[in-house]
Structure formats: C-alpha cells, structure tokens
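Good morning, everyone, and thank you for making time for this short talk. Please have a look at the structure on the screen, and then I will take you through it part by part.

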Amino acid sequence: MAFTEVADRVWVARYEWFDVNVTLVGGGRGLLVVDTNASATAARAVVEDIRRLGAGEVVAAVNTHEHFDHTFGNGELRSAYGPIPIHAHEVAAERTVPAGERIKARYDAEPDDPHREEVQATELVPADTTFSSAVALDLGDRMVELVHPGRGHTAGDLIVRIPDADALLAGDLVEESALRGSVPGFGGDCYPFDWPLSLDVVLALTGPGSVVVPGHGAPVDRDFVEEQRDRIGVVAETIRDLASRGVPLAQALEVGEWPFPREDLEDAVRRGYEQLPRSQKRLPLV
Ligand SMILES: [Zn+2]
C-alpha cells in the first residue's frame, strides 16, 4: 500500500522520483490531496494509489508551493475527480505556469533524462482558489487550516494544519529526504532571511507530539524542525555577517563557515546578498 496513515485519517505516500510526498486528509466530505506529484503520468499512479486505499473520493487539492514536483499532477487529478478546487497561496498560484514553463525548457535541454517526455507532456494547471494569510477548509467533520507562515523555500509557501490530528504538512519549508542529505532546498527563488521566521510559525503551531510531514522524505517531529530552523538561521546570520564585514559575494561561500555543504548554498548566499538592505552591506574592504 502506497499510503500509510501517519495520524488520524492523514495518509502519506512517498514516491521514488524526488522522494516526494503526497498526503491525503480524510473528512466527512471526502479527501483533500496535498501536492500532486511531478507529472501527469506520476499523478496517474497517485490516483491509482488513492483508489487502492479505498478511503473515499477526492474533493479538493492543495499545492504547498508552485514547484513542478508539487503541482504537475493538478490536471490529472481533475481528469480523475472532476473540476475540484485546487488551493494555493496567491503568489504560488500566480507563478505555477511560468515556473512550469521554465522546468519544461530545462527538461527539453536534457535529452537523456528518463522523465523528459512525461514532463513535456504535462498540461500546466495552476491552482484556482487562493488566499493571502490563512484560510480554513471544511471537510465535513473536521477543519483543515492553510497558513502562509511567510516566505522561505519560495515566496508562496503554505503549511497545512490538521489540528484534531496534531499533524502539520510543511511542504518544502522542511526537508528530510536522504536524496538531498536533509539539506533544505535553497533554490534561486528562496528567501534565506525569512525562512527561519516562517519555521518559527511552524514551531508555534506544533507541540512535542505533533507529526510534521515534509515535502520530501519521512515524517519528522518538532525537534527535527527546530534543529533545521536553527541551521537555516545560521545560514542567514552568516550571510548577514559576511556582507556587513565587506566580504564580496564572490568570496562569501569560501570564507563563511556553514552548517550545510557549501555546494548546496550557492543560491542561498546569492539571494541573501541580493535581499539585504543597503544599510547592512559594506563596501568590500581593499
Ligand atoms: Zn519539492
């Protein structure tokens, strides 16, 4: 069985491609699907796994952010379950199509990638139901909260909270997968200074018994999130410190002492330097 119950009527399936998680939240009205896998073909496998679970029909979907490994199955879910609402933060929804087109172009340039065809063949379907700060979804006998805790992995991250099950789905704000060595995804669209503060919101909404489902990898607990928050905080503080001492961007990776491998932090450092206000930067010392 692909889906495993990690909290009361909260099932997670972990797919080999990207070690990505798709989560189902069950309620009296049906199932909410959180994240939709990385292609139409990959989403067909999700639909089969949902049917095999036999826990009901899908009534809505959520994208935790706009990246293709979380959104490219949107169209396929609609093919299987009709015109269901797809929820996302307003920024994520707006960026889903342009971000998806960039990914298709990237795969186009990789003729040997085994997933090239299925990525190219996927129809881009953005979320159609958006919010800016927080919204509650009524699943019949339980409420599910979508919260934008602030920026971090992207500008439009959301977390899904299921209060009665003490479960929280963190999207890629939390990273567990061994595929990435548990290193958070600092990409070209990340916000290294905002990220620790957004994880403070996650910490405020969880307790010692909470189950936290990351976007990739195994479910974790609050301690794991706290430790990852602290390390991301060290990345942010190190960038701030280097810039204020006048270390130029070109030398920052080399000069800094980092809590993650340097090769994973190139975008984080560049984005950090770009996002620092002028008052916190000093001209390079000669
Ligand atoms: Zn992801």
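Let me begin with the place where two parts of the chain meet: 30 residues of domain 1 are in contact with 29 residues of domain 2. I should say straight away that what you see is a predicted model, so please keep that in mind throughout the talk. As for where these parts begin and end, domain 1 covers residues 1–143 and domain 2 covers residues 149–286, and their C-alpha centres lie 23 Å apart.

How much area do domain 1 and domain 2 bury between them? The computed value is about 2,100 Å², and 59% of that area is on carbon and sulfur atoms. For those of you who have not met this kind of number before, the size of an interface is often given as the accessible area that is lost when the parts come together.

Charged pairs are the next topic, and the general idea is that side chains of opposite charge can pair when their charged atoms come close. Between domain 1 and domain 2 the count is one salt bridge, while a search of the whole structure finds 21 salt bridges. Among the salt bridges of this model is the one between Asp164 and Arg142, whose closest N and O atoms are 2.7 Å apart.

Some other pairs sit within a single helix, and here a little geometry helps: an α-helix has 3.6 residues a turn, so residues three or four places apart point the same way. Take helix α1, residues 40–53, where Glu48 and Arg52 are four residues apart and therefore separated by about one helical turn. These two form a salt bridge, with the closest N and O atoms 3.9 Å apart. Glu48 is partly exposed, with a relative accessible area of 49%, whereas Arg52 is exposed, at 53%, and the cut-off that separates these two classes is 50%.

In helix α7, residues 222–244, we find Arg222 and Glu226, again four residues apart and so about one helical turn from each other. Their side chains meet in a salt bridge, at 3.6 Å from N to O. Both count as partly exposed, Arg222 at 22% relative accessibility and Glu226 at 33%.

The third example is in helix α9, residues 266–275, where Asp267 and Arg270 are three residues apart, about one turn of the helix. Their salt bridge has its closest N and O atoms 3.0 Å apart. Asp267 is partly exposed, with a relative accessible area of 28%, and Arg270 is partly exposed at 30%. Elsewhere, salt bridges that share partners join Asp8, Arg9 and Asp141 into one network.

Now let us turn to the metal. Which residues are the protein donors of the zinc ion? They are Asp69, His70, Asp172 and His216, the aspartates donating through OD and the histidines through NE2, and they lie 2.0 to 2.3 Å from the zinc ion. The angles among the four donor atoms run from 85 to 170°, and the site is irregular; since a tetrahedral site would need all angles between 85 and 135 degrees, you can see why that label does not apply. Along the sequence, the donor residues follow the spacing D-H-x101-D-x43-H. One pair of donors links distant parts of the chain, with His70 in helix α2 (residues 68–71) and Asp172 in strand β11 (residues 167–175), 102 residues apart. Are these two buried or exposed? His70 is buried, with a relative accessible area of 0%, and Asp172, at 6%, also counts as buried.

Next comes helix α3, residues 74–81, whose buried residues are Asn74, Gly75, Glu76, Leu77 and Tyr81. The elements that cover these buried residues include β4 (30–34), α1, β5 (58–62), α2 and β6 (86–89). Just after α3, Gly82 takes a positive phi of about 85°.

I will finish with one loop residue. Arg180 is placed in the loop between β11 and α6 (195–204), and it is partly exposed, at 36% relative accessibility. Leaving aside neighbours within four places in sequence, Arg180 is in contact with Glu175, Gly185 and Phe186. Arg180 and Asp19 are 161 residues apart in sequence, and in space they are 9.5 Å apart, C-alpha to C-alpha.

Notes:
Residues numbered from 1 in each chain as written. Predicted model: local features only at pLDDT ≥ 70, side-chain atom pairs only at ≥ 80, totals over all residues. Heavy atoms only, no water. Donors = N, O, S within 2.8 Å, 3.2 Å for Na, K, Ca; no water. Tetrahedral: all angles 85-135°; square planar, octahedral: opposite > 155°, others 65-115°. Helix = DSSP H or I, 4+ residues; strand = E, 2+ residues; numbered from the N terminus. Buried < 20%, exposed > 50% of the residue type's maximum accessible area, 1.4 Å probe, protein only. Domains from an automatic or database assignment. Contact = heavy atoms within 4.5 Å. Buried area = accessible area lost by both parts, 1.4 Å probe. Salt bridge = Lys/Arg side-chain N within 4 Å of Asp/Glu carboxyl O.
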